[in-house]
Amino acid sequence: MADVCVITGGGSGIGLETAKCMPKDKILVISGRTQAKLDAAVAELEELGYEAYGVPCDVSVRRDVHELAVISSLKGTVTNVIHVAGVSPSMADPETIIRINALGTVYVNTEFRKYLGRGSVIVDVASNSAYALPNMPLIKGTYELAETDEDKFVQRLLRGSVGRNDYEKSGLAYSFSKNFVVWYAQKCAFEYGPIGIRVCSVSPGLIETGMGAAEKEASSELGFTAKMIEQAAERRMGKPEELGFAIATIADERNGYLAGVDVLVDGGSTNGEKFR
Ligand SMILES: NC(=O)c1ccc[n+]([C@@H]2O[C@H](COP(=O)([O-])OP(=O)(O)OC[C@H]3O[C@@H](n4cnc5c(N)ncnc54)[C@H](OP(=O)(O)O)[C@@H]3O)[C@@H](O)[C@H]2O)c1
C-alpha cells in the first residue's frame with residue numbers, strides 16, 4: 001500500500017505549497033470546503049507529477065472530518081496529516097473562528113488518530129498570534145473543555161474575546177484559537193507519542209497569501225502588521241513556499257525527534273520586541 005499524506009486547507013496558500021514539497025511517492029489527499037479550489041489545486045499537483053485527490057471537508061464538522069479520514073485511509077497507509085485549514089480575523093466572526101480553528105483541530109487529530117500507525121505524524125498549523133496573549137495559567141481548564149463540553153469551551157473563549165470593534169474581537173478570538181492549537185498539539189504529542197504518532201505545531205508569521213494580504217489590509221489603520229514586519233529579523237512578510245518547505249520538513253519521517261513543540265516560522269517577528 002502506498003503512503004498517503006493528507007493536507008487540510010491544501011487547496012490554496014500555505015497548504016498547497018506544503019503539498020508541492022512532499023515526496024512524489026506519497027499519494028496526496030487535499031481538502032477544503034470549495035470544490036473548485038480543490039480541482040484547480042489537484043490539476044496543478046498532477047501537472048507536477050503527483051497522484052493527488054481533492055476531498056471536500058469542513059473541518060468544523062466532525063462527521064466531515066471522519067469521512068475524510070475514512071476516504072484517505074482507503075487510498076493507502078496514512079503517514080502524514082498536515083492540518084493547515086483555518087480562517088483569520090477579517091474572514092469570520094469570533095464564534096466561527098473558534099469552531100474552525102480550535103474545534104477543527106480537535107476533530108482532525110482525534111479522527112485521524114484512529115487510522116494512524118507507528119511512525120506517522122500530525123502537524124497542526126497555528127500562528128504567531130498565539131504568542132500575542134499574556135501568560136494565562138488559568139486557561140488550561142478552559143482548553144480541556146474542548147474535548148468534554150464544546151459549547152462551554154466556545155462560550156468561555158467568546159467571553160474573553162473582547163474588543164472595541166468587531167475586528168478586534170475576531171482578532172482576540174483568533175489568538176485564543178491558535179494559542180489553543182499550540183496547546184492541543186502538545187497535549188496530543190504526549191498522548192499519542194507512546195503509540196508511535198509524533199505531533200507538533202507550526203506557527204507562521206505574516207505570510208504573503210490571500211489571507212496574509214487580507215489581514216495586512218484590515219489592520220492597516222491599527223498598524224499591527226506593519227509593526228510585525230518592522231520588528232522581524234527578516235524585515236518582510238514570509239513567502240508561502242518558505243512555509244511549505246518548513247512544514248514539509250517538520251512532517252518528514254526523518255525528523256522523528258521533533259515532537260511536543262511549536263515551531264515558530266515567523267522571520268523573527270515574535271522575538272523582535274527583545275532586540276529592536
Ligand atoms: N497567511 C498568514 O499570514 C498566516 C499567518 C499565521 C497563520 N496562518 C495560518 O496558516 C493557515 C493557512 O493559511 P493561508 O495563509 O494559506 O490562507 P488560505 O490560502 O486562505 O488557506 C486557508 C485554507 O483553509 C481552508 N479552510 C478554511 N476554512 C475551512 C474549513 N472550515 N474547513 C476546511 N478547510 C477550510 C480554505 O479553503 P476553503 O475556503 O475552500 O475551505 C483554504 O484553502 C491557516 O490556518 C492560518 O490561520 C496564516
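Me: A crossing is called right-handed if the near helix is turned clockwise from the far one by less than a right angle. This model is predicted. What makes the crossing of H3 and H4 right-handed?
Reply: The axes of H3 (residues 62-75) and H4 (residues 94-113) cross at roughly 35°. That is less than a right angle, and H3 passes H4 in the right-handed sense, so the near helix is turned clockwise from the far one.

Me: Which residues of H3 and H4 meet?
Reply: H3 brings Arg62, Val65, His66, Leu68, Ala69 and Ser72. H4 brings Val106, Tyr107, Val108, Thr110, Glu111 and Phe112. By class, this contact has seven nonpolar, three polar and two charged residues.

Me: Why do Arg62 and Glu111 count as charged there?
Reply: Arg and Glu are on the charged list, so Arg62 and Glu111 belong to that class.

Me: Now the ligand. Why is the pair between Thr34 and the ligand called a polar contact?
Reply: The cut-off is 3.5 Å between N or O atoms. A polar side-chain atom of Thr34 lies 2.5 Å from a ligand oxygen, so the pair qualifies.

Me: What makes Val59 and Ile207 qualify too?
Reply: A polar backbone atom of Val59 is 2.9 Å from a ligand nitrogen. For Ile207, a backbone N or O atom lies 2.8 Å from a ligand oxygen. Both values are within 3.5 Å, so both pairs count.

Me: How much of the ligand does the protein bury?
Reply: Alone, the ligand exposes 870 Å², and the protein buries 94% of that. Helices H1, H7 and H8 each give two or more residues to the shell.

Me: How many residues surround the ligand?
Reply: There are 28, and the closest are Arg33, Thr34, Val84, Tyr174 and Thr209. By class, the shell has 14 nonpolar, 10 polar and four charged residues.

Terms used: Residues are numbered from 1 along each chain as its sequence is written. This is a predicted model: local features need pLDDT of at least 70, side-chain atom pairs count only at pLDDT 80 or more; totals for chains, interfaces and linings use all residues. Side-chain values use heavy atoms; hydrogens and water are left out. Axes are lines fitted to C-alpha atoms, for helices over the stretch in contact, and angles run from 0 to 180 degrees between N-to-C directions. Helices (H or I, at least four residues) and strands (E, at least two) are DSSP runs, numbered from the N terminus. Contact means heavy atoms within 4.5 Å. A residue is near a molecule or strand if one of its heavy atoms lies within 4 Å of it. A polar contact is a pair of N or O atoms within 3.5 Å; within protein, one must be able to donate a hydrogen and the other to accept it, and residues adjacent in sequence count only if both atoms are side-chain atoms. Accessible areas come from the Shrake-Rupley method with a 1.4 Å probe; for residues, only the protein chains shown count as cover.
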